[in-house]
Amino acid sequence: MKPADPKVEYKKEIIVTAGTAAFESVDPQAKSSFQNTRHYQMTHERLTYLNPITSELQPMLATEWSASADGLTWTFKLREDVTFHNGEKFTADDVVFTWERGKESANSSVKSNYNMVANCVAEGDYTVKMTLETPNADFPFTRSFPYMAVLNREAVAADAEKGVMVGTGLWKWGEHVQNDHDTFVRNDAYWGETTPTEKLTIQHIPETASRTVAAETGEVDMAYSVSTKSLDDIRENPDLDLVEVDTISLQYYSWNMERQGPWQDANFRKAVAHSIDWDSVIIGWKNGFAQRATSFWSHAQYGYAPQKGYDYSVDTAKELLAKSTYNGEDIEILAFPGWSTCALIMSDMLAKVGIKSHVNDVNSATYTTLAADGEYDMTCYQFSFTAPGSDFTRFLAGGQGSRAHVGAPNAAKIDELCAKALQETDDAKRKAMYAEVQKLVEDDAVMVPILYGKSFNAVSKGLEGIVWAPNTDNDYRYARLPISK
């Protein structure tokens with residue numbers, strides 16, 4: 001990122017908005033969702049940092065890391081010039097303490113990422129060795145998650161409730177007002193690059209329209225995720241810039257392979273895939289503001305290998321349908337607001353090739369119950385992948401992913417390749433394995449990618465320094481607004 005220009009005067013306070021959901025906890029080990037991790041990035045740091053733009057893993061509190069020959073033990077060398085907000089020196093003991101505490105987290109994602117480490121020991125003040133339960137080539141990537149933030153042992157011991165707010169980051173906690181706003185003040189003792197912004201507030205504005213108005217009136221300097229209906233107004237506003245971000249939120253449809261039906265036949269599944277006019281789905285569902293997905297993988301994820309995808313062809317769909325066991329069954333597509341439009345468009349397209357279907361459009365709570373109980377034939381939903389290639393296995397581990405994968409013809413081969421890739425240290429071999437996984441998933445057609453979404457954000461003219469992450473976990477640390485040149 002280009003540093004601030006010392007010849008330019010910048011606004012002292014920046015006000016931004018986050019997402020619809022409110023921030024929940026000041027404890028970085030309590031929550032793993034993005035409305036929380038955006039805040040943790042402000043005040044705390046991890047051993048490694050994943051650049052969301054380049055997907056490159058970079059040093060943060062660790063300067064270097066290496067694995068033993070068997071892939072079980074990882075050694076991290078730590079920075080020696082870092083202090084916490086309370087003035088305490090950052091040492092290997094703080095890393096050990098963070099691991100000890102994280103293992104007991106009530107959050108399953110947080111807990112699992114700490115518990116993959118069987119033992120963590122300090123070797124002097126600036127070296128840490130972590131021994132894993134099983135080899136994991138993605139381990140350094142997992143240390144970059146914001147909820148893997150390093151805590152200060154002394155601060156938490158002195159005040160268990162507020163001590164977790166003490167980090168090593170560029171910003172210190174100022175004020176936390178639940179469901180309203182969170183204010184951060186610049187840490188002038190920060191070890192790294194500083195910022196001309198002295199105060200940054202994250203304002204909670206849950207309504208999309210209200211966030212847009214706040215940007216238009218100058219109440220905030222950045223409005224996250226504005227409505228697509230307001231894009232032209234924002235573009236024409238001389239005081240605003242529009243920032244468009246390709247996200248890694250993968251929208252897909254999948255089959256319930258735990259249920260019996262014509263979808264157990266590969267010819268039928270592929271007939272459905274070829275019956276979908278993907279461009280029309282993007283226009284009809286997302287007003288054209290999306291990009292076609294051809295791989296069941298994030299385009300910003302390690303090992304991404306775009307596939308050919310299923311071409312829209314009514315003739316091919318009819319030929320495959322004729323070869324299948326389909327006998328006029330009425331297919332139920334489970335959806336809820338946000339996805340029901342997609343499901344209705346798909347249902348109309350299926351009718352054109354001779355497949356009967358109907359949409360079970362329910363509210364989100366009912367959807368959660370029906371999906372958990374497996375009460376559907378097909379469903380439309382989304383999944384947001386994190387950077388490691390192994391994150392695909394998280395999708396397969398439960399819910400819609402598990403129900404699709406359990407009956408997939410290539411399921412055993414996919415599981416085998418994912419397990420091998422996790423332990424493979426050769427970069428080229430790992431990527432080849434993940435590419436083969438994506439090809440096998442496409443061949444099975446039990447879960448089919450539709451599109452990647454886009455995020456639109458309104459910012460004050462000239463605002464710079466925000467890192468717009470494809471997973472929407474945006475980094476606001478270096479947000480700055482020039483007020484003179």
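This is a short tour of a sheet with its packed helix, followed by a second helix, in a predicted model.

**Stop 1: the sheet**

Start by selecting β5, β6, β8 and β7. Shown together, these 4 strands make an open sheet, and they line up in the order β5-β6-β8-β7 with antiparallel pairing. Now colour residues 62-67 and 117-122: these are β5 and β7, the edge strands, each of which pairs on one side only. If you turn the sheet in your viewer, look for the twist, which averages 20° from one strand to the next.

**Stop 2: inside the sheet**

Next, pick residues 73-78 and 127-132. These are β6 and β8, which pair in the antiparallel sense over 5 bridges. Which residue in β8 stands opposite W74? Show side chains here and you will find M130 across from W74.

**Stop 3: the helix on the sheet**

Add residues 92-102 to your selection. This is helix α2, which packs on the sheet and touches β6, β7 and β8. Compare the direction of α2 with that of β7: the two make about 155°.

**Stop 4: helix α10**

Now move along to residues 314-323, helix α10, and highlight A317, L320 and L321, which are buried. Look down the axis of α10: the buried residues fall within an arc of 105°, so they line one face of the helix. What covers them? Select residues 266-274 to see α8, which is included in the cover over the buried residues of α10.

To finish, swing round to the face of α10 turned away from its buried side. There you will meet the exposed residues D315, E319, A322 and K323.

Terms used: Residues are numbered from 1 along each chain as its sequence is written. This is a predicted model: local features need pLDDT of at least 70, side-chain atom pairs count only at pLDDT 80 or more; totals for chains, interfaces and linings use all residues. Side-chain values use heavy atoms; hydrogens and water are left out. Buried means under 20% relative accessible area, exposed over 50%, partly exposed in between (1.4 Å probe, protein chains only). The arc is that of the directions from the helix axis to the C-beta atoms. Contact means heavy atoms within 4.5 Å. Two strands pair if DSSP finds at least two bridges between them. Axes are lines fitted to C-alpha atoms, for helices over the stretch in contact, and angles run from 0 to 180 degrees between N-to-C directions.
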